[in-house]
Amino acid sequence: MRDIAVFSGTAHPDLAAEICAHLGVPLHPVRVSRFANDCLEVQLQANCRERDVFLIQPLVPPVQEHLVELLLMIDAARGASAGRITVVLPHYAYARSDKKDAPRISIGARLVADLLTSAGADRVLAMTLHSPQVHGFFSVPVDHLHALRELAGHFKRYDLSNTVVVSPDLGNAKEAAAFARRLGTPVAAGAKQRFSDDKVTISAVIGDVADRDVIVLDDEIAKGSTVIELMDHLRDRNVRSIRLACTHGLFSSGALARLSDQPGVLEIVCTNTVPIPAEKRVPKLRVLSVAPALSEAMRRIHNGESVSALFG
C-alpha cells in the first residue's frame with residue numbers, strides 16, 4: 001500500500017489540520033506565491049512520488065483564487081509522480097450552477113469538474129453537494145458524504161416529541177426526509193420559486209407545522225433570503241420555536257446576524273466545511289466538526305475499503 005501524503009491549500013487550513021490529527025499523519029506544507037503579473041505559483045513541499053496524495057481545499061471566498069490554487073496543487077502533484085491524487089472538496093461552491101435554467105447560461109458545476117479532472121485529479125471526496133446530478137458531472141470516481149449524522153447527533157439531545165423537520169423547498173425534501181427519519185420526526189416542505197440569487201418567494205408550507213418545534217434543514221445558507229422567507233410563513237402557522245441547520249454555513253452579507261435576530265430562532269447549527277471568522281459568529285451559532293467523517297473516508301479510500309458503509 002502506498003504511503004499517504006496530505007496537503008492543504010489556504011482556504012481552510014484549520015479543517016485540514018484537524019483531519020490530519022484524526023488520521024494520525026502530518027499535514028505537509030504548501031508554498032503559495034504570486035508572480036509580479038499576479039499569477040499564482042504552488043509548490044508542494046514534501047515528496048509525492050508514488051504516494052497516495054490528498055489535497056484538501058473547499059471552494060470558499062475568494063472562490064476563484066482558491067479554485068486556481070487547487071488546480072495548481074493538482075498539477076504539481078501530478079508532475080511530482082503522485083501514485084493517486086484525491087481532491088477533498090468539503091464545499092463545492094460551483095455545485096449551485098448545475099442546470100440550464102435560462103438561455104445562454106453557463107453550467108459551472110460541470111465545467112469546474114472537467115477542470116479538476118483535466119488537471120490530474122483521480123478521484124474526488126465531496127460533502128453535501130447542492131444537487132444529486134452534480135455527482136454525475138465528474139468523469140472520475142466521487143465519494144459523496146453528507147453531514148446528516150453529525151447534525152442528527154446534535155439535535156437528538158433535545159426533546160423531539162413535538163418536532164417537525166422542514167425543507168425550504170421541494171428540491172431538498174428528500175434530504176430533509178432522510179434527516180427526519182434519523183430523528184424520528186415528521187417532515188414538511190416549503191413551495192419555493194426563485195427569481196434571482198437573493199430573491200425567492202415561498203407560496204406555502206406543505207405539511208403540519210402548527211404548534212410544533214421546527215428544525216429547518218438546508219444544504220447551505222448564504223444570504224439567508226430563502227430561510228427568512230420560510231420563517232415568515234412558519235410564524236404565520238404559529239410554530240413554537242425554530243432551529244436552523246445546514247451543512248455549509250457561508251453566511252454572507254451579514255446573514256448570520258440577520259438570522260439570529262429573527263423572532264423565534266433558538267439556534268443556528270452548521271458544520272465546519274467552510275471557515276467562519278470569529279467576528280461573524282453569534283451566541284446562537286453552533287459549529288459541528290466533519291473532520292472525523294472526512295478523515296475516516298480518506299482512510300477508507302487509502303485502504304481500499306467501502307466508503308458507503310459510513311452511511312449505515
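Which residue takes a positive phi in the hairpin of β3 and β4? Aspartate 38 does, at a phi near 80°, in a hairpin with five residues between the strands. The model is predicted: local features need pLDDT of at least 70, side-chain atom pairs count only at pLDDT 80 or more, and totals for chains, interfaces and linings use all residues. Residues are numbered from 1 along each chain as its sequence is written, and side-chain values use heavy atoms, with hydrogens and water left out.

The hairpin is a convenient place to start. Strand β3 (residues 30-34) and β4 run antiparallel and are joined by five bridges. Arginine 34 has leucine 40 in β4 as its bridge partner. Strands here are DSSP runs (E, at least two residues), helices are DSSP runs as well (H or I, at least four residues), and both are numbered from the N terminus. Two strands pair if DSSP finds at least two bridges between them.

After β4 (40-44) comes a loop that leads to β5 (52-56), and asparagine 47 is placed in this loop. A polar atom of the asparagine 47 side chain lies 3.1 Å from the backbone nitrogen of arginine 49. Between asparagine 47 and valine 63 there are 28 Å in space, C-alpha to C-alpha, for a separation of 16 residues in sequence.

The next loop, between β5 and α2 (63-79), contains proline 62. The peptide bond that joins proline 61 and proline 62 is cis, with omega about -5°. Beyond α2, in the loop between α2 and β6, is serine 81. Serine 81 is a residue other than glycine with a positive phi, near 65°.

Several of these strands belong to a sheet. The sheet is open, has six strands in the order β2-β1-β5-β6-β7-β8, and shows parallel pairing. β2 (27-28) and β8 (142-145) each have a single partner strand and stand at the edges, so one side of each is left without a neighbour in the sheet. At the β8 edge, four bridges join β8 to strand β7 (residues 123-127), and the two run parallel. Alanine 126 is opposite histidine 144 in β8.

On a wider scale, the protein is divided into domain 1 (4-145) and domain 2 (148-288), with bounds that come from an automatic or database domain assignment. Twelve residues on each side make the contact, that is, 12 residues from domain 1 and 12 residues from domain 2, where contact means heavy atoms within 4.5 Å. The C-alpha centres of the two domains lie 28 Å apart.

How much area is buried between domain 1 and domain 2? It is about 1,100 Å², and carbon and sulfur atoms give 53% of it. Buried area is the accessible area (1.4 Å probe) that two parts lose on being put together, summed over both. His91, Arg96 and Thr128 supply 50% of the area that domain 1 buries against domain 2, more than any other three residues.

Polar contacts also cross the interface: seven residue pairs, both at pLDDT 80 or more, are counted between domain 1 and domain 2. A polar contact is a pair of N or O atoms within 3.5 Å; within protein, one must be able to donate a hydrogen and the other to accept it, and residues adjacent in sequence count only if both atoms are side-chain atoms.

Side chains of opposite charge can pair when their charged atoms come close. A salt bridge is a side-chain nitrogen of Lys or Arg within 4 Å of a carboxyl oxygen of Asp or Glu. The count by this rule is 17 salt bridges, and one salt bridge is found across the interface of domain 1 and domain 2. The side chains of arginine 96 and glutamate 220 meet in a salt bridge at 3.3 Å, N to O. Arginine 96 lies in the loop between β6 (84-89) and α3 (108-119) and glutamate 220 in strand β12 (residues 213-221), so the pair ties together parts 124 residues apart in sequence.
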